[in-house]
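Please look over the model shown here before reading the points below. They concern one threonine site and the cysteines.

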Amino acid sequence: MSILIKGGRVITAADDYVADVFVEDERISLIGESLDVQADRTIDAAGKYVLPGGVDPHTHLDMPFGGTVTIDDVESGQTSAAFGGTTCHVDFIIQPQGSTFAEALEEWRGKANGKQVIDMGYHMAVTDLKEGGTLEELASLPDQGITSYKLFMAYKGALMVDDETLFRTMEVAAKTGALVMVHAENGDLIDVFVRQALEADNTEPKYHALTRPPEAEGEATNRAIQLAHVAGAPLYVVHVTCKEAVDPISRAREAGWDVWGETCTQYFFTSLEDIEKPNFEGAKYVYSPPVRDKSNWDYLWNAVRTDALSAVSTDHCAFLWDGQKTMGKDDFSKIPNGGPGLENRLHMVHEFGVRAGRISLNRMVELLSTNPAKLFGLYPRKGTVAVGSDADIVIFDPEKRHTISAATHHSKSDYNLYEGTEVTGSPALVLLRGNVLIDGDELIAQPGVGQFVARAKFGQELKPGVAVT
């Protein structure tokens, strides 16, 4: 199917201009003024933005955690993403203890088969190099299109790895062209604080935040940066929440080190006041790292504006408040960690970033699409509007009003972190490789249209024509 998008305002990380865009054979074929071509469908995009589809580098779909499983599977999570203008994401394979990486990959691919609404890749979360995967097996993953390794420096007794495992993984990454990702919190310190809180009968949700101080995030961030530098591995610090973590990332980047960081939408808008809400409402805001004092909000906006932080993800890890979060009704440490957000990243960053004058439209595209695509081996197939790129396109109506609510979102979660927030600007039509995914408020495509993308190694480009399976 060919599509001609006429007269839209094309916005990439670098450019901003009015043009026609012609799509055929799943890719962008032509861009120019008043294109004279025949198309199966013509879309009038006058007065609208033509954006590259969003790339979310941090999601958790159908993931076991804390005695339960995230409520969004691949189909519901990706449907939610599509309605929010995200056309590609990179999900986490969590290596079960005792399992090989091949076994973990097979399990996660099985969760997605036939359910994919958008394109996706995988990171491999390394949890066990003693009785499960080996360094040799880990080294083979980049050749399979899995070009990033994730390690948890927190969740002691579950996902947390020691510094030896962290460093050995970094050494493998340096040799194989992989990017190392870290959840940076000092898990030993947190474990002490959690036990002390429970011994003092402090069980409310707010103690999730109070037992994970910003200093624990700052220390682990700096430690990971130093270890990666010694190993010669590129490092990406996920879900940065506070000054204590931004500062060491900023120093490393100023020194020319291969270090990048992301924050997540929720950390611009939620705070300690939310997790302190009565009647267990605070449990909705239990995720890790935790909500911080509001003073960090402006610090994070400045960090993404100045490129101290280079991407905004969602860390979408959705649970039901009633039925899953309530597992920790009498013990905050048993509340499943995570929140929904895949559908509203573009809404919130456009409203409170662009419309509020904090960042430019170009920077928004860079944070939500181009930089994630470049860092995670998807560019220029993904992350831009250019001839030869996949026709992953969002026609965005900057005047369309939308009220965010769990009653209308497409996640299975029974709450929304931004409930009742009114925004101006929302996707009007979303294309995935030239296929219409979303038209207005309707899902057009069927599950199965999405594909697994074998990503390029770190620092390399994913060229058109590279196999997608």
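The points below take the threonine site before the cysteines.

1. The model is predicted, and the points that follow should be read as statements about that model.

2. Position of Thr241. This residue lies in a loop, with strand E13 (235-237) on one side and helix H8 (243-254) on the other. Thr241 counts as buried because its relative accessibility is 1%, under the 20% limit.

3. Polar contacts of Thr241. Its side chain makes a polar contact with the side chain of Glu217 at 2.5 Å. A polar contact at 2.8 Å links the side chain of Thr241 to that of Arg292.

4. Surroundings of Thr241. Leaving aside residues up to four places away in sequence, Thr241 touches Glu217, Tyr267, Pro289, Pro290, Arg292, Asn296 and Leu300. Glu217 and Arg292, the polar partners from the previous point, are thus among the residues listed as touching Thr241.

5. Disulfides. With a cut-off of 2.5 Å between cysteine sulfur atoms, the count is 0 disulfides. Cys242 is in no disulfide: the nearest cysteine sulfur belongs to Cys264 and is 12 Å away. Cys242 is buried, because its relative accessibility is 0%.

6. Cys264. Why does the sulfur of Cys264 form no bond with the closest cysteine sulfur? That sulfur is in Cys317, and the separation of 11 Å is too far for a bond. A disulfide is a covalent bond between the sulfur atoms of two cysteines. Cys264 is also buried, with a relative accessible area of 0%.

Methods. Residues numbered from 1 in each chain as written. Predicted model: local features only at pLDDT ≥ 70, side-chain atom pairs only at ≥ 80, totals over all residues. Heavy atoms only, no water. Helix = DSSP H or I, 4+ residues; strand = E, 2+ residues; numbered from the N terminus. Buried < 20%, exposed > 50% of the residue type's maximum accessible area, 1.4 Å probe, protein only. Polar contact = N/O pair within 3.5 Å; in protein donor to acceptor, adjacent residues only side chain to side chain. Contact = heavy atoms within 4.5 Å.
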